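Student: Could you take me through one part of this model closely, beginning with a single side-chain contact and working outward from there? I would like one connected account rather than a list.

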Amino acid sequence: MRKLWIVFLVLLAAWPLVAQVRSGSIYGKVVDSSGEALPGATVTLTGFLTGAVSFITTEEGIFRFLSLAPAKDYSLKAELQGFKTTTRGNIIIIAGGNVKIILTLEQGALSEEITVTASNPVVDAKKTLVGVALSQEALQSLPSARDPFNIMKMAPGAGTYTEDVGGSEGGQAIVPLARGGFSTTLWVMDGMVINDAFYIGCQPTYFDFDSLDEINVTVGGADVTAQTGGIALNLVTRRGGNRISLGGRFYLTDAKFQANNMTQALRDEGLAGTNRINVIRDYGFNLGGPLVKDKAWFFGSYSVQDIQNISRYNMPSKTLLETFLAKLNFQIVPNNRLEFFAEGNRKLKSGTDPDTYNPEGFDRPGLMRFGYPVVRIQDEHMFGDNMFASLKFGYWDGGYIEVPSRDPEGQLLAINDLKQKRGFGGYLTETSPHPAYQVAGSLSYFNDKLFGLSQELKLGFELMYREGTEEYNYPGNLQLERNFVDPTADFTGDGYPDIPTDSNFYGLRLARGVYEYQAVNAWAGYFSDTLTFGRFNAILGIRYDQQSPKVIPGAVLAIDRANKATTSTFTPQTIDLLDGLLPGVQIPEVKGTAADGSLYSWRVWSPRISLNYDITGDGKTLAKVAFSQYGNMMGADEAYRWRPGGYNGFLYFYWQDNGDYKADFSELYWYTLNNYHLYRVFDDAGNFIGNWNDAADTFWGNYDYTNPQQLDKTTYNRIDANAGSPRTTELMFTLEREIFVDAGVQINLVYRKNDRTKLTYKYFPGTNTFIDQSYYISAGTAPASIPGVGDTGKAKDNQWYYRNEQATAYSPYTWTKNNPDYYSDYWGIDLVFNKRLSHKWMLNSSFTYQSAAANWGKTGVLDQTNRWAIDGVNNAMLWMFKIAGLYQLPFDINLSANFIAHQNRRINKTINITDYRLPNPKSRSATLYLDPAGSETLPTMVNMSVRLEKMLKIMETGRIYLMADVFNAFNLTVAENRNNKTLGNYYIYPDPAQNQFVPNITSYQLTKILNPLVARFGVRFQF
């Protein structure tokens, strides 16, 4: 028993290798000419990136070399007294790959040597992953925007509706979705998950493309080291080797190299323009080599991407990405590898994320001097011939500052012009540090004589701390609305709202700003057992994740006396009065607690089971079946539920200005809900006389007006303990065949189901009442025809619903419960062909056909309006085809291309209806679909890029590449985005003569097309 406890404690002290795909392995067997195993043979591994490592084969003749950096020059030498020495060279390792090698020794003198030339397998019997792996050679040779976001969508089933034509998107992250987009994308850098702590599916940094040795993208079949079932983007950075290497590049894209695909017809549709490149300069260098040969190595790089564009709203957009990277590797003893890694990425940006409301975009001045940091320390050791351990520590921070370009100081009043549908003055300003820490590792044990089986056991766990601070506010925490286009209040005395005609009539909103100080403590443990017997490989695994949120103390402002937006908008006495109505507050530390009083956590068990069968017995035709369940990753934003009640209180007023554009308390109004009559909320003496009960949720909400500085310690948002992480269940079948040397085909059949979702109910604690479906009442159907719209399609045949008065009574409380009725499912088929670069060509291609739909169930959605249009309707990109390849012409000239085609974005057709005949003035409106969701799609997206490259050889190892790329080679004008057909608002009055339709001027407006053809010229060198 004491020995068992010692073994258990040793295993417990080993940290896991999270999403371990930074390296690969070589395993195999040494046999004689008759195929009998040869124990005691010495197998020595050598390579450019490693010191020599030896392994004495087991009684079964087995050897293994683990955690090898991606490379294509590994060599094995097998020696045994009485047999000739056998050498096998040019072994290729990819991240996450397992290469099986059989070394056959012939009888003879040890001094005699045989060199074996054999192909490297393209199918892997030990894994069920579906995805794509691109080596540095492929990354550098294919035409792309030179960022991982574009590489990611080369994987089967991964797609995006935005095409980055030659970098014209200005350094923006364009993250594709795959398999229905149910789960969080995993960003993995050298085996360490580095997801942003707050925006959990995003990357925390940007990357130097030339520092990447390999990009491995997984879209399914992940083992227990992966927490979620989303896309896993694995970035493997370069490292130094046993000879000095020096590399560099300079790429230039200029406005002179860009065509124009804007036409008058596009302008007539309201398209302001395309993203046009002014100039992009992409340059950098890298240096690596030995500190001590076979013992210590270094690698470092520095890069700059200077991107200067004109946005599609004809506004300047500038991005400067500056990246520093350093890596040290040590192999002091043959079986130990120690690595230190540090990267800093500084992003300075102006004019980012422009839209029709904010065409000027935002500026990002940078939160830290050397940018987003990523730091990792990792140690790995092989104990004897059957135990491998790893330990690592990581830190990163994806924080940033974002300010509106038109108001970088954040001192102008934010104005929303409802007629022009755009903003003026100030806008949202965000300050957002997101630090994260991780300790992780793993312990693997190999047993090659378990009842005739070969076994690999892996055990591990990880610790994580993720923190997110979000200060996300309008200047002064104020917003002004002007130029109303919809009925607002009663100006005629008939008891129904009218459209204001006075240009001095405004809306003013004051809210406690978004000050979110939140964190997550997380830990995970996993176990897997890989069994090899005959032609079968079986993997049995289980993972457990526990993630717990908490609120960090902080201060929240409402009226901001120091901001010019406040002092320029209100008179001093009005500022004092508003500060009394909605003062600032202090938020204490709060741990997430469930409704039953227990500590709230996401607790997820995730089984993974797979079986691989070698159909032909030669390792070239494999059938694989895998069953997996995944939870999701909790971001720091999940802790919002436990911010004390009242933190996000707001006030809204109508302001009838006297012409001096200075709001006085005597000019502030609310209206009575049952007749829309306006009345002053302050008397002449400054006393508040508004009707709090009548105005609840319309003119104020989310705090206790009777004690405005008091926060509710119990929080307004309650949640059941079992309303935790969503779950993704995956069933996958793969048939894989190596059809000739270095080439393979693959068929993937995938089914996924996402369930264990959550449903939030409005809650009245005094009566313990939940507002469920029974509080929704049929309002009938839409009119068969609406002036200005015409036929209302299927909306006229389907009921829509409003809430009764009990449901709309004021309560700031909600209660979130598990939603067993609602789920989403996905099915798809991939056809894949991959050809590794050899014999002068390479090719990577896939075709995917798929469907994904939400299924409401009986109680899965509260408001049944539009059930007929959404429930069970496919919302996925139905099909996609992609192909990328390279051919080596004579005279060291390379020609490569990248082609993609897929179903384009889906368009919804809707109308907003407000019926003043309904009895509840707080619930008279709904958005109705006229056709099933996504019935219309934009024209098929097609995009092609090509590269012509000339290689110059300098002595034995030096290479200089001169290249020219052309993006959107056909200069197509395919629509990338249109607004949905949100036709407008139809108002129904008791007197039909008053009915009116207010059209939406931006309905179906074309907002983005494929950016025009552009050329890029570059030079890179490697010595």
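**From one tyrosine outward**

Tutor: The side chains of Tyr465 and Glu467 are joined by a polar contact of 2.7 Å. This and everything that follows is read from a predicted model, and the values should be taken in that light. Tyr465 belongs to strand β29, which covers residues 453-473. Its C-alpha atom is separated by 5.6 Å from that of Ala436, although the two residues are 29 apart along the chain. Once neighbours within four places in sequence are set aside, Tyr465 is in contact with Pro435, Ala436 and Tyr437, with Ala519, Val520 and Asn521, and with Lys550 and Ile552.

From here one can turn to the aromatic pairs, of which the model has 62. One of them is formed by Tyr506 and Trp655, whose ring centres are 5.0 Å apart and whose planes meet at 40°, a tilted arrangement. Because Tyr506 lies in strand β31 (residues 505-511) and Trp655 in strand β39 (residues 650-656), this pair ties together parts that are 149 residues apart in sequence. Both partners are buried, Tyr506 with a relative accessible area of 7% and Trp655 with 1%. A further tilted pair is made by Trp523 and Tyr544, with ring centres 5.4 Å apart and planes at 55°. Here Trp523 is in strand β32 (residues 514-533) and Tyr544 in strand β33 (residues 536-551), so the parts tied together are 21 residues apart in sequence. The two rings of this pair fall into separate burial classes: Trp523, at 38% relative accessible area, is partly exposed, whereas Tyr544, at 12%, is buried.

The nonpolar cores come next. The largest of them has 67 residues, and those with the most contacts inside it are Ile194, Ile215 and Val217. Strand β32 gives the most to this core, with 5 residues. Leaving out neighbours within four places in sequence, Ile194 is in contact with Trp187, Met189, Pro204, Thr205, Phe207, Val374 and Trp396. Apart from this core lies another, of 44 residues, which includes Leu510, Leu578, Tyr654 and Tyr679.

Further along the chain, a run of paired strands can be followed. Strand β45 (residues 743-755) and strand β53 (residues 823-838) are antiparallel and pair over 12 bridges, and within this pairing Leu749 has Ile829 of β53 as its bridge partner. Strand β53 is also joined by 14 bridges to strand β54 (residues 841-855), again in the antiparallel sense, with Tyr823 standing opposite Asn855 in β54. Between β53 and β54 the hairpin leaves 2 residues, and His839 in this hairpin takes a positive phi near 50°.

Thr816 can be treated in the same way as the tyrosine at the start. It is found in strand β52, residues 814-819, and its relative accessible area of 2% makes it buried, because the cut-off for that class is under 20%. Its side chain makes a polar contact of 2.8 Å with the side chain of Thr760. Apart from residues up to four places away in sequence, Thr816 touches Arg641, Arg718, Ile719, Asp720 and Ala723, together with Lys758, Leu759 and Thr760.

Two loop residues also deserve attention for their backbone. Most residues other than glycine have a negative phi. Asp892, however, has a positive phi near 60°; it sits in the loop between β55 (879-889) and β56 (893-902) and is partly exposed, at 29% relative accessibility. Tyr1004 likewise has a positive phi near 60°, is placed in the loop between β65 (996-999) and β66 (1006-1009), and counts as partly exposed at 25% relative accessibility. The ring of Tyr1004 has a charged neighbour as well, since Lys981 lies over its face at 4.6 Å from the ring centre. A comparable placement involves Arg243, whose charged end sits over the ring of Phe48, 4.5 Å from the centre of that ring.

Note on methods
Residues are numbered from 1 along each chain as its sequence is written. This is a predicted model: local features need pLDDT of at least 70, side-chain atom pairs count only at pLDDT 80 or more; totals for chains, interfaces and linings use all residues. Side-chain values use heavy atoms; hydrogens and water are left out. Helices (H or I, at least four residues) and strands (E, at least two) are DSSP runs, numbered from the N terminus. Buried means under 20% relative accessible area, exposed over 50%, partly exposed in between (1.4 Å probe, protein chains only). A polar contact is a pair of N or O atoms within 3.5 Å; within protein, one must be able to donate a hydrogen and the other to accept it, and residues adjacent in sequence count only if both atoms are side-chain atoms. Contact means heavy atoms within 4.5 Å. Two strands pair if DSSP finds at least two bridges between them. Rings of Phe, Tyr and Trp (its six-membered ring) pair if their centres lie within 6.5 Å; planes under 30 degrees apart count as stacked, over 60 as edge-to-face and the rest as tilted. A charge sits over a ring if NZ of Lys or CZ of Arg is within 6 Å of the ring centre and within 35 degrees of the ring normal. A nonpolar core is a set of buried Ala, Val, Leu, Ile, Met, Phe, Trp, Tyr and Cys residues joined through side-chain atoms within 4.5 Å.
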